Amino acid sequence: MKQENLQAIIQLRHELHAHPELSTQEIWTKQHLIDFLKARTKLEIVEQERWFYAVYRCRQEAKTIAFRADFDALPIEEGLPELPYASQCAGVSHKCGHDGHAAALAGLALEIDQDGCDKNVIFLFQHAEETGEGAVECVNTLAKLGINEIYAFHNISGFPQHSVVIRSGTMQCASVGLTIEMVGSPTHASTPELGRNPANAIAQLACVLPELSDPAHYTGLVLCTIIQIDVGQKAFGMSASRGEISITVRAEHEDELDELLSKIEAVAREKSQIDGLTCKISYADRFPETCNNAHCADRVRAAARTLGLPVTEMEKPMRGSEDFGHILKAIPGAAFQIGNGENYAGLHSYEYDFPDEILENAVEMYYMLVR
């Protein structure tokens with residue numbers, strides 16, 4: 001990678017890091033990336049409502065390859081105020097590395113614009129990955145662009161820095177946020193028998209979750225994580241009449257995710273009915289499984305080896321979810337990881353900052369996949 005381009009995207013990452021924006025609120029971020037590309041390339045910029053893509057056109061009949069980067073931040077306070085480019089937005093910071101993902105894709109755009117290539121290349125800059133909303137809004141447009149393959153990278157801690165982590169098939173699990181609300185009727189705390197309190201039903205549901213997610217009943221990983229239980233209010237004269245439990249449910253296979261959700265819903269309705277409660281079930285932050293095409297995963301391996309980067313085969317899918325899975329349902333492609341370092345701070349932690357040292361790895365991996 002050209003050193004002047006590397007220095008430009010390092011500076012770009014620092015600027016993005018200093019001005020983080022939450023999912024669906026990335027107005028400054030989107031415009032800053034567009035301005036960066038317009039000032040330094042001749043690429044066509046195609047703006048959508050909350051995202052955009054840039055296009056390098058070779059010729060109409062040429063193969064089209066696409067690359068995707070996310071650019072939203074997290075509702076986490078900046079834990080590294082000593083950084084010269086520390087977040088200037090209270091309570092918001094780039095603690096997942098999306099500033100690095102976007103900067104790396106901008107770096108590829110610089111290289112392709114300057115060097116040219118024998119393929120059409122689409123550079124997708126996507127919003128709202130953290131909530132699972134972004135890729136859903138992009139996928140229909142992308143499906144009409146004649147893309148033959150699409151790739152994305154993420155950074156990962158716990159693996160050697162500069163290593164490429166890959167897996168054929170399911171790379172990351174499907175997941176969904178499930179909230180179950182149970183409502184009864186209030187009464188004085190001295191006469192609980194005259195009301196309908198949801199505490200017992202919610203407690204029973206929480207206790208049965210390990211049995212419902214017993215791995216012996218599934219072919220792949222399944223997991224239930226209780227996120228919050230909220231019953232009643234701190235008013236000692238009142239028996240609780242409303243409560244809810246929120247659970248993140250994830251699975252290696254989407255059909256088994258749906259199977260587990262059906263079991264949880266059935267128990268929730270049964271417990272509610274027994275105690276005379278109404279039961280309302282809602283979902284949020286749904287992510288599909290991220291399933292790598294075998295041929296595209298092999299291309300990632302080959303690119304890494306050509307660059308002399310160590311390749312780590314991930315034995316089991318990552319538990320964390322990624323909305324790139326929506327795109328991989330429509331277009332063959334692969335998601336891969338680049339190691340931050342074995343002892344590097346974990347993603348979504350106060351101490352984390354995307355390591356500039358792996359920016360060049362990401363750009364060169366993408367460039368090799370184009371070539």
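A cavity here is a set of grid points where a 1.4 Å probe fits but cannot get out. The views below all come from a predicted model.

**View 1. The largest cavity is a space of about 40 Å³.** By the rule used here, the count comes to one cavity of 30 Å³ or more. Around the largest cavity sit R68, A152, F153, H154, Q172, E322, F324, A335, F336 and Q337. Strands β5 and β16 (333-341) each put at least two residues into that lining. By type, the lining of the largest cavity splits into five nonpolar, three polar and two charged residues.

**View 2. The largest pocket has a volume of about 520 Å³.** Its lining takes 28 residues, and C96, E130, G320, S321 and H348 are the ones nearest the centre. Two or more lining residues apiece come from β5 (149-157), β8 (174-183), β12 and β13 (278-287). Strand β5 makes the largest contribution to the lining of the largest pocket, with four residues. As for chemistry, the lining of the largest pocket has nine nonpolar, 14 polar and five charged residues.

**View 3. The largest nonpolar core brings together 57 residues.** If you're looking for its best-connected members, go to F67, F123, F125 and F336, which have the most contacts inside this core. Helix α3 (residues 98-115) provides the largest share of the core, at nine residues. There's also a second, separate core of 27 residues, with V208, L209, I247 and A251 among them.

**View 4. F123 and the residues it touches.** Skipping residues up to four places away in sequence, F123 touches L43, F52, Y53, A54, V55, Y56 and F67. The rest of its list is L105, L108, A109 and I112. F123 is also one of the residues with the most contacts inside the largest nonpolar core.

**View 5. T248 sits in strand β12 (residues 242-251).** T248 has a relative accessibility of 17%, so it counts as buried, the cut-off being under 20%. Set aside the neighbours within four places in sequence, and T248 is in contact with V176, L223, C224, T225 and I227.

**View 6. E77 lies in the loop between β3 (64-70) and α3.** E77 is partly exposed, because its relative accessible area is 42% and that class runs between 20% and 50%. Beyond its neighbours within four places in sequence, E77 is in contact with A90, G91, S93, K95 and Y350. C89 is twelve residues from E77 in sequence, and their C-alpha atoms are 8.5 Å apart in space.

**View 7. Stepping back, the protein has nine helices and 16 strands.** The radius of gyration is 23 Å, close to the 21 Å that the globule rule gives for 371 residues, so the protein is as compact as a globular protein of that length. Along the principal axes, the C-alpha trace spans about 80 × 45 × 40 Å. Of the 371 residues, 56% count as buried. Take the contacts between residues at least 6 apart in sequence, and 80% of them join residues at least 24 apart.

How values were computed. Residues numbered from 1 in each chain as written. Predicted model: local features only at pLDDT ≥ 70, side-chain atom pairs only at ≥ 80, totals over all residues. Heavy atoms only, no water. Buried < 20%, exposed > 50% of the residue type's maximum accessible area, 1.4 Å probe, protein only. Contact = heavy atoms within 4.5 Å. 1 Å grid on protein atoms, 1.4 Å probe; cavity = no way out; pocket = protein on both sides within 12 Å on 5 of 7 lines; lining within 4 Å. Points joined across faces, edges and corners; volume = space filled by probe spheres on them. Nonpolar A, V, L, I, M, F, W, Y, C, P; charged D, E, K, R; others polar. Core = buried A, V, L, I, M, F, W, Y, C linked by side-chain atoms within 4.5 Å. Rg over C-alpha atoms; globule rule 2.2 N^0.38 Å.
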